[in-house]
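Colleague: I have a structure in front of me that I have not seen before, and I would like to learn how to read it feature by feature. Could you take me through it slowly?

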Amino acid sequence: MSMTLTPATLAEPFACALPRASVSVHFSEQDRHSLYSIIDARRDMRHFAAGAQVDEETLARVLQAAHQAPSVGLMQPWRFIRIRDENLRACVAELVSSERDATADALGERGSEFLRLKVEGIRECAELLVAALAPDDGTVFGRRTMPEEMALCSVACAIQNLWLAARAENLGLGWISMFNPAALAQLLKMPPGSKPVAILCMGPVDTFYSAPMLEQEGWRQGWPLHELVFHDNWGNTLTGQRSEEQP
Ligand SMILES: Cc1cc2nc3c(=O)[nH]c(=O)nc-3n(C[C@H](O)[C@H](O)[C@H](O)COP(=O)(O)O)c2cc1C
């Protein structure tokens, strides 16, 4: 499936989406293959190519992909803050660094092993974004029983769209959740009721990890899917009763 960018679609900032006509496209085997390949090749990246940049048109496309995410009651509670000021970037890095230390303390005996892992690429990445939850607009549709969770899930859907679009553009993206949300909100002058959800490092990389970096570094192994699909009752896999212990 090809995407046509014309001067008209680019004129309006961040308006260059897939043309709406693509909605009725019947996707081919090749299209499906491409989508699954992108999903398979997406990685959480913490290493970025030095001195690289993301051009504005590409940034616009991936943000538009994020903005096309589903959201509860069409609430669209996502906001993206693009950090352009280098001093601000340094302050964000500091916030993450102190939370990284606190995480190491909280991990106890695995703390020093944790500190050997690279958990962010804030200083090196070409683009630094903060994905945030907007103040609650009172949407009730779909949110009566779990209002904050459903708004947060909607923001996460947008981030995942962004992540996959970035990978399709051959850009790495890393999600950082190690920060004090109140401190980051204050730093970015966010309004009461809003919440930073993710710090996103995005940019060209030299190579993509071939597997989750936490697996490559021996921190943790992911579960195979068949262990996480249950039949009728919790824990009932085709191979027996599953315990929740880490492999
Ligand atoms: C909600 C969320 C928060 C995360 N926070 C961090 C983080 O603070 N630092 C980090 O290095 N990775 C973070 N990650 C990335 C995960 O470690 C990563 O997705 C996981 O190890 C699987 O690797 P993969 O994304 O390459 O498949 C986060 C991912 C998610 C979805």
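Modeller: We will go from the overall fold to the sheet, the core, the ligand and a few single residues, keeping in mind that this is a predicted model.

Colleague: Let us begin with the overall fold: how many helices and strands are there in the protein?

Modeller: A useful start is to list the elements and then their order along the chain. The protein has eight helices and six strands, and along the sequence they follow the pattern α-α-α-β-α-α-β-α-β-α-β-α-β-β. Of its 247 residues, 23% count as buried. Among contacts between residues at least 6 apart in sequence, 78% join residues at least 24 apart.

Colleague: When I turn to the sheet, which order do its strands have?

Modeller: The order in a sheet has to be read from the pairing of the strands, and here an open sheet of four strands runs S1-S2-S4-S3 with antiparallel pairing. Its edge strands are S1, residues 78–83, and S3, each of which pairs on one side only. Neighbouring strands are turned against each other by 25 degrees on average, when direction is ignored. Helix H6 packs on this sheet, where it touches S1, S2, S3 and S4, and the direction of H6 makes about 155 degrees with that of S2.

Colleague: How many bridges hold the pairing of S2 and S4, and how many does S3 share with S4?

Modeller: Strand S2, residues 127–133, pairs with S4 in the antiparallel sense over seven bridges, and Ala132 is the residue that stands opposite Pro196 in S4. Strand S3, residues 172–176, also pairs with S4 in the antiparallel sense, over five bridges, and there Trp175 has Leu200 of S4 as its bridge partner.

Colleague: Why is strand S4 described as largely enclosed by the rest of the structure?

Modeller: One counts the neighbours of each residue in turn, and a residue with 20 or more other C-beta atoms within 10 Å of its own is called buried. Eight of the nine residues of S4, which spans residues 195–203, are buried, so S4 is largely enclosed by the rest of the structure.

Colleague: What should I look for in a nonpolar core, and which residues have the most contacts inside the largest one?

Modeller: In soluble globular proteins, nonpolar side chains tend to be buried together. The largest nonpolar core here has 42 residues, and those with the most contacts inside it are Ala131, Leu162, Leu173, Cys201 and Met202. The elements that give two or more residues to this core are H3 (56–67), H4 (86–106), S2, H6 (147–168), S3 and S4. Helix H6 gives the most, with eight residues.

Colleague: Taking one of these residues, what does Ala131 touch?

Modeller: Leaving out residues up to four places away in sequence, Ala131 touches Trp78, Phe80, Val155, Ala158, Ile159, Val197, Ala198 and Leu200.

Colleague: Which residues surround the ligand?

Modeller: A ligand shell is read first by name and then by class. The residues around the ligand are Arg43, Asp44, Arg46, Val119, Glu120, Trp175, Ile176, Ser177, Met178, Pro212 and Leu214. By class, this shell has six nonpolar, one polar and four charged residues.

Colleague: Now for single residues in loops: where is the place of Leu74, and is Leu74 buried or exposed?

Modeller: Leu74 is in the loop between H3 and S1, and its phi is near 55 degrees, a positive value in a residue other than glycine. Because Leu74 has 10 C-beta neighbours inside 10 Å, it counts as exposed. Asp232 also has a positive phi, of about 70 degrees, although it is not a glycine. The loop that holds Asp232 lies between H8 (213–216) and S5 (236–237), and with 5 C-beta neighbours inside 10 Å, Asp232 counts as exposed.

Colleague: Which residues is Phe230 in contact with, leaving aside its neighbours within four places in sequence?

Modeller: Phe230 lies in the loop between H8 and S5, and its contacts of that kind are with Gly235, Asn236 and Thr237. With 13 C-beta neighbours inside 10 Å, Phe230 counts as partly exposed.

Colleague: What separates the C-alpha atoms of Ala168 and Ile38?

Modeller: Distance along the chain and distance in space should be read side by side. Ala168, which lies in helix H6, is 130 residues from Ile38 along the chain, and their C-alpha atoms are separated by 6.1 Å. Ala168 counts as partly exposed, because it has 18 C-beta neighbours inside 10 Å.

Key: Residues numbered from 1 in each chain as written. Predicted model: local features only at pLDDT ≥ 70, side-chain atom pairs only at ≥ 80, totals over all residues. Buried ≥ 20, exposed ≤ 12 C-beta atoms within 10 Å, placed from the backbone. Pairing = 2+ DSSP bridges. Core = buried A, V, L, I, M, F, W, Y, C linked by C-beta atoms within 7 Å. Contact = placed C-beta atoms within 7 Å. Near = placed C-beta within 6 Å. Nonpolar A, V, L, I, M, F, W, Y, C, P; charged D, E, K, R; others polar. Axes fitted to C-alpha atoms, helices over the stretch in contact; angles between N-to-C directions.
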